[in-house]
Every structure is written in structure tokens, then in C-alpha cells.
Amino acid sequence: MEGVPQSRAVINNPADISVIVGYFVLVICVGLWSMCRTNRSTIGGYFLAGRNMVWGPVGASLFASNIGSGHFVGLAGTGAASGLAVAGFEWNALFVVLLLGWLFVPVYLTAGVITMPQYLKKRFGGRRIRIYLSILSLFLYIFTKISVDMFSGAVFIQQALGWNIYVAVIALLVITTIYTVTGGLAALMYTDTVQTFVIIGGAFVLMGFAFHEVGGYQGLFDKYLEAIPSKTLSPAPALYNISATCYQPRPDAFHLLRDPLTGDLPWPALIFGLTIISTWYWCSDQVIVQRCLAGRSLTHVKAGCILCGYLKLLPMFLMVMPGMISRILYPDEVACVVPEDCKRICGTEVGCSNIAYPKLVVTLMPAGLRGLMLAVMLAALMSSLASIFNSSSTLFTMDIYNRLRPRARSKELLIVGRVWILCMVAISIAWIPVVQAAQSGQLFDYIQSIASYLAPPIAAVFFLALFVKRVNEPGAFWGLVGGLLMGLARLLPEFAYGTGSCTFPSACPRLVCGVHYLYFAIILFLASVALVVGVSLCTPPIPDKHLHRLVFSLRHSKEERVDLDVEEEEKEERRRRQEMRRQQGVAANGAVEHVLEVEGPPVGQPQGCVGRCVAWLCSLGGAAQQVPEPGVDKEAEETLPDITEQPTWSRVVNLNAIAMMAVALFLWGYYA
Amino acid sequence: MQALQVAALCLLMALEPVNCQQARGNLQPWMQGVIAVAVFLVLVAIAFVVNKFWCQEKEENMESVVTIGDKKEEDVVSNGTEGRYSITAADFRSKETQHAYENIIEYEGKVITTLM
């Protein structure tokens, strides 16, 4: 990014700065307030916000943890490059979020699980699936979520502030980390609600300015097809030529549904293939499901899903259309096509459509509001990063660390979770150069293509685990492994050859890379399903007594469940008891030093005021905080989770869901 | 639902048509939307009706199971008012053997009795 001039510092007036500072004070206040309100020293309190959220915060935090700065940069950028169709990514999720609330969450609630791998372990038994899935999820977080968020945040800050990217990102991460490590999920959920309002408000204001500038809604549709950069001739015709399709807007730019063979987002792929990816993202992913599990009751969760669905209608108007307007207003920069020009404008040769939204903010917004928009972007970045850090810390602590050290105490688990967040921050900072180098033209395509190659087997296994009783452990495991191998067979060549750009197409053979990535997702999903079902039918089924309240058809069952993992737990319990007995024996024999070493002070009392403050923030000190053992939650597990709903409210929620689908279908039809 | 359609239609009539945005075929964009919503609502109605009939059938089955005598909790019935006897042979064929029959009692729901 050295080629970018440093004279773009536009946030230097008092109005902008005061807005940003005020915003940060607000967020910190909400975080502290919610910290005081909830008990965060227990596992349930820290990770699930006490399971007491009403539908408003659930829906808002679902939306907020989904929308990151990646959406602002990616949706607007792809909108600028190829038109409306990218909004289909958002509008497809409307339906999948209902699947989440109506089919998936009831089972997760009755199963009484905290993480998704934990669910699979209860459903199938054995430990290999759980470990496999935890590691794959952490991998996906780093490559599709954290890196993308960091990259898009960096693009925005670079356009707005002219800062050195590393300084900006590290500062942001430090703030986010402090906020996550100290706050827990409760603070996250309350601040998410505030941030969602800030995001929507700021983006609405910008949308108003953008439409005003371009001459209204009609102006957008009149002028978009003429948005062509002034320089379209290759400076070195001997080396390469630039074909007209690279700089002209697509003729089908105003359609969501595009030709199944020649379109850039063919409609069968957008409807069926994307549903598979969305099922993985919304229904089996920790970040999202954890929000739902914190709901007060199933009705609240469903209502939250509907609210999130309505909010998901907005990105088309708040991001995609402003991105297209940005191309109309600044065709030379946003739609640049000559590699040398692009390099000068945004630091990469393949195209600058990713700067569409930041460019709009920097040039259109008046002072003060520009500060608000920066605050919005910081909010989106911090919120989604914090969500990811929080969830991956849950995943790491509960599934991987707890496996390595089964005897770890609860306090140790809390500390390890926070240390893991710090590690992820370090990995992310180290990843920035890679992300900068790997920036291709279309950020959103990058995310979705990686997800298409890795996620369909996971979606298939979760889908079958919930709805088909016959599926068993070997089937699920070999389905996951086979699916991963098939996915890698496409992923690795594509990364080796590179995806190329319009001017310089990739050399990847058509047989390997020619199939659209969403079509590939469909193929991979079907292959995984066939593999899982085939292997399951060849191996003995799991008896019903292990499956009560773990599959959809048995969700109302009141029978006692014999957990498949209960034997392992008993073995651990026995080992723990033996250990304790041994220690007591040693104490009785008077080996004082050894006892001191074993029991010791749990955590050394920190010295000095600052030390004590930090300890309080991390809830390590203080006498009132009783940290339970992980096993103590069993009492809670023994009372059957309640998923019965009041008939009246259940009907209200169902009717609302139908209304939401009707609205969504109208919009799909309108922009088809 | 009908009101929703009408409301959506009125709203769209009030809006200015967008010229450059062409729909597929000869339909206006809003018309496509209305068609999509109408098809969806018809499907929902069909699903609702099918579900309702299916569920009712299931409830009837459950009642007949109860009648045959698998009831765990005995109802309080005064002597002589236990209802009427079943007529069809299939209903009172004994479970133990094909050639024995039982006297099946069908309780009538609204018989008010006292414990004495």
C-alpha cells in the first residue's frame, strides 16, 4: 500500500473527532452496565449470557454478528462491479434464518448443548468428529471471517484516515480485545444492539446522500449502464489488450436471477447452492447458534430470527445500491481497468471495486456525519471480530483444551479462553500481509468460494444428524473426511493457479476450475450426503435410547436419554476422584511442601491498583465469585429444557414468519 | 393475507414505474413480485389444509387406540352408565387370540359421576 498517497486524512475536524469519542464512551458504558447486570463468572453466564435474552437483542445481535465491515466493502464492491445479483446472498439468508429458528434451534435447546461439536458428540458419540469439526471451524474462522474483516476494515481506514494500515488495525484490535476479554457475551449482546442501530442509522444517512447525488432511484437505473472509466486502452498493447467486457457494466446488472450457464451468479446456484452454504453459516455455526441459545424461550428465539430476517432485507438498499452509485459517480476510480491505474488508486492491480463504499463515505458525507460513519465501521468491525473471538474461544476451550486436559478446573478454562483470544489476535495481525497480497477483485466471491469448498460436508452432516435417525458415527465421520478431500481437490488447484482477473485470466484448467463455485457446492453436498447415508446403512444403527431429544422427530420425547458419551465422562470422573484421594492421602502423610504446591493460591493476588483493576476486569479476583466446576452444570441439564410454547404466541410468531417470507418473495420477484 | 396483497398492490400503484429496469418477458417488475407472493400464499394455504387434515386423522387414530382399552388411568364410571358397546367385530377381537372376543366399552366423554 506504499503507493497510496498519505494526504487523504479527512477525519481531522473537531466535529468528526467528537462524534467518534462520544460513540466510544457510549459503547464502553453499555458494556460496563451489562457487565454489572449479569453473572459472568460461570460458564453459562460468560458464554450464554445467562440464557435470558428477549427477542429484540437476539435478533439484533444475530444481524450484528452477521454484518461486518466485510459486507460494507464486499457487497458494495461487487454491486459496483456486477450489479444487483450479489444482494441475493443476503436475501437467501432470510429463509435460512427461519429454518434455524423453526427446525434447528428446538433440537439444540432440548439437547442442552453449548457448542455445535458438543452436539455432534452427543448425537454420534466418539470424539473424533468433535475434534475434527472444532479444528475445521477454527480454520474457517481465520480464513473466511477474521482475515476478511481485517482486510475490509483496513481498506476503509486507509481511504478515510490515510493512516498506516498496521497502526490502525493493531489499535482497533487492541480495543476489541480489551472489550471482549473483559466483557463476556452479555456485554457483546447489549452493545450489539446499540451498534446495530448505529450501523443502520449511519448507512441510511449515506444512502440518502448517495441517491440525492445521483438523481434518485430512477437516476441509478438510468446512469449505471453508462458508468465506464475514461481510460480503457491498454498502455502496452504489445503485452495485453483490455476487452470491452472488462470495463462495461453487465447488461443483466439489474437482475437477481441470471442465466444458468453464462451468468456470473447463475440462478440455480444462487437459490440452491447458496442455501447449502447458508445452512452451514446460519444453522450449524457457533457464532450464530450461540446467539440463539442465549434466548429466553423458543418463542423469543423465533421472534429474534424474524427480526433478523427483516433486517437482512436492508443490505440491498444500504450497501449494494450505494456501491452501484459509487461507480456512477467515480467511474475512473471504482471501475478502473488499466492495471497501472488501479495500482496507483488502491494498491492492487486486479481492480478497485472494493473501495466503492469507503470512497462514497469520504467524499459525500459532511463533517461530523463522516465521523459517525467511521464509528459505524469501527462498530461493525469490532462487533463481528469480537463475536468471532468469543465464539472461537468457546470452541477452543470446550472442545480442544478440555479434551487435552480433562481435569482442568472451570477457572482455568476461563483463563485459557481469554489467552486463546490473545493468540488469535496475534495470528490475525500476522495474517494482514497475506490478506493484503491476496486481495482479489471480489471480496465477497472470495469468502463464498472458500465456504463452498469446505462447508457443504458440514452442512450435510448436521442436516442428516437432525433429520435422519439412521445416520450413525462412522457415516458422519467418513462423510466429513470424504467431503473435505473432495473440497480440497478443488480448493488447492484454484489457489495454486490463482483466480486471475478479467484482463489476465487464470491458467487453471477448465475441468477443475470451470464449474461455478456454487454449483460445486451443490455437487459436494450431494456427494457428502450419499457418502454419509451409504456408510451408515452398512454399519449398525444407533438405538433410540441414545437419541431422545437429539433428533428432530424425538424432540418432544420425555424418555431418559442414555448419553453415548456418558462412559467417557464416568471414566474421567473416576480418574478425578482417584487423583483427589491421592492428594488427600499425601496431605494426611504430612508432605506439606507438596500440598502447598498442589493447592497453592489459585491465582496470585495482584499487587497495586492497576493490577487489582485488571484482575477485577478479568473476574479473577474478588471473593463473591464462586466458580463452579464444569460438572456442576449437570443439575441444570437434568431438568428437561422446555421447548413448549404458548399456542397464542406461537401462532403470532408463525404468522409473522409467513408475512416475512411474503415480503421477501415479493422483493425477489420484483428484482428477478 | 388478502388485505396484505391489496395493500402491497396499492402501494405499488402509487409508485412511479421504473423505466430502465426491465423485467423478463412482458411483465412489469411489481407484477412479478405479486405473482411470486400469490404463488407462495397458495402453497402455504395448501400446506395448511393438508397439515390440518393429517393432524385430525392422527387424533382420531389416537382416540380409537384409547377406546380399545390401553388406557392406563381408569376413568371413574358409575355402574350401568358405561356407555355403549362397539358394533364392528374388528374392534373387539381379543389381543391374545384371533378367536376370542372382548366386551369393549366405549366411554362417553360427558358422563358426570361422583366417586361414590
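**Figure 1. A:Trp163 in the loop between α7 and α8 of chain A.** This is a predicted model. Helix α8 spans residues 165–214. The relative accessibility of A:Trp163 is 44%, so the residue counts as partly exposed. A:Pro331 serves as a distant reference point: 168 residues separate A:Trp163 from A:Pro331 in sequence. In space, their C-alpha atoms are 25 Å apart.

**Figure 2. The largest cavity, about 440 Å³ in volume.** A total of eight cavities of 30 Å³ or more were counted. The lining of the largest cavity has 27 residues. Closest to the centre of this cavity are A:Asn66, A:His71, A:Tyr281, A:Ile447 and A:Gln448. Several helices of chain A give two or more residues to the lining, including α3 (55–66), α4 (69–82), α5 (87–111) and α7 (128–161). Also among them are α10, α17 (369–404) and α19 (443–454). Helix α10(A) supplies the largest share, six residues.

**Figure 3. Helix α6 of chain A, mostly covered.** The helix runs over residues 116–124. Nine of its nine residues are buried. Nonpolar names on the list of buried residues include A:Met116, A:Leu120 and A:Phe124. A:Lys121, A:Lys122 and A:Arg123 are buried as well. A:Gly125 follows α6(A), and its phi is positive, near 75 degrees.

**Figure 4. A buried salt bridge between A:Glu90 and A:Lys312.** The structure holds 12 salt bridges over all chains. In this one, the N to O distance is 2.5 Å. The pair joins distant parts of the chain, 222 residues apart. A:Glu90 sits in helix α5 of chain A. A:Lys312 sits in the loop between α12 (298–311) and α13 (315–329). Both side-chain partners belong to buried residues.

**Figure 5. A salt bridge between partly exposed residues, A:Asp544 and A:Lys469.** The N to O distance is 3.3 Å. A:Asp544 lies in the loop between α23 (517–538) and α24 (566–588) of chain A. A:Lys469 lies in the loop between α20 (456–467) and α21 (473–497) of chain A. The two are 75 residues apart, and the pair links distant parts of the chain. A:Asp544 is partly exposed because its relative accessible area is 35%. A:Lys469 is partly exposed at 31%.

**Figure 6. The salt bridge of A:Glu412 with A:Arg405.** Their closest N and O atoms are 2.9 Å apart. A:Glu412 has a relative accessible area of 23%, so this residue is partly exposed. A:Arg405, at 41%, counts as partly exposed too.

**Figure 7. A network of salt bridges around A:Asp252.** The network links A:Arg250, A:Asp252, A:Arg258 and A:Asp264. A:Asp252 is found in the loop between α9 (216–223) and α10 (267–283) of chain A. The relative accessible area of A:Asp252 is 16%, so the residue is buried. Its side chain makes a polar contact of 3.0 Å with the side chain of A:Arg250.

**Figure 8. A nonpolar surface patch on chain B.** Chain B has three helices and two strands. Their pattern along the sequence is α-α-β-α-β. Of its 116 residues, 14% count as buried. The patch includes B:Leu27, B:Met31, B:Ile35 and B:Val39. B:Val42, B:Leu43, B:Ile46 and B:Val50 also belong to the patch. Together, the patch residues have about 670 Å² of accessible area. B:Val50 lies in helix α2 (residues 29–70) of chain B. With a relative accessible area of 52%, B:Val50 is exposed, because the cut-off is over 50%.

Definitions and conventions
Residues numbered from 1 in each chain as written. Chains lettered and ligands numbered in written order. Predicted model: local features only at pLDDT ≥ 70, side-chain atom pairs only at ≥ 80, totals over all residues. Heavy atoms only, no water. Patch = residues over 30% accessible without salt bridge, like charges linked within 9 Å, V, L, I, M, F, W, Y side chains within 5 Å. Areas by Shrake-Rupley, 256 points an atom, 1.4 Å probe, with all protein chains shown as cover. Salt bridge = Lys/Arg side-chain N within 4 Å of Asp/Glu carboxyl O. Helix = DSSP H or I, 4+ residues; strand = E, 2+ residues; numbered from the N terminus. Buried < 20%, exposed > 50% of the residue type's maximum accessible area, 1.4 Å probe, protein only. Polar contact = N/O pair within 3.5 Å; in protein donor to acceptor, adjacent residues only side chain to side chain. 1 Å grid on protein atoms, 1.4 Å probe; cavity = no way out; pocket = protein on both sides within 12 Å on 5 of 7 lines; lining within 4 Å. Points joined across faces, edges and corners; volume = space filled by probe spheres on them.
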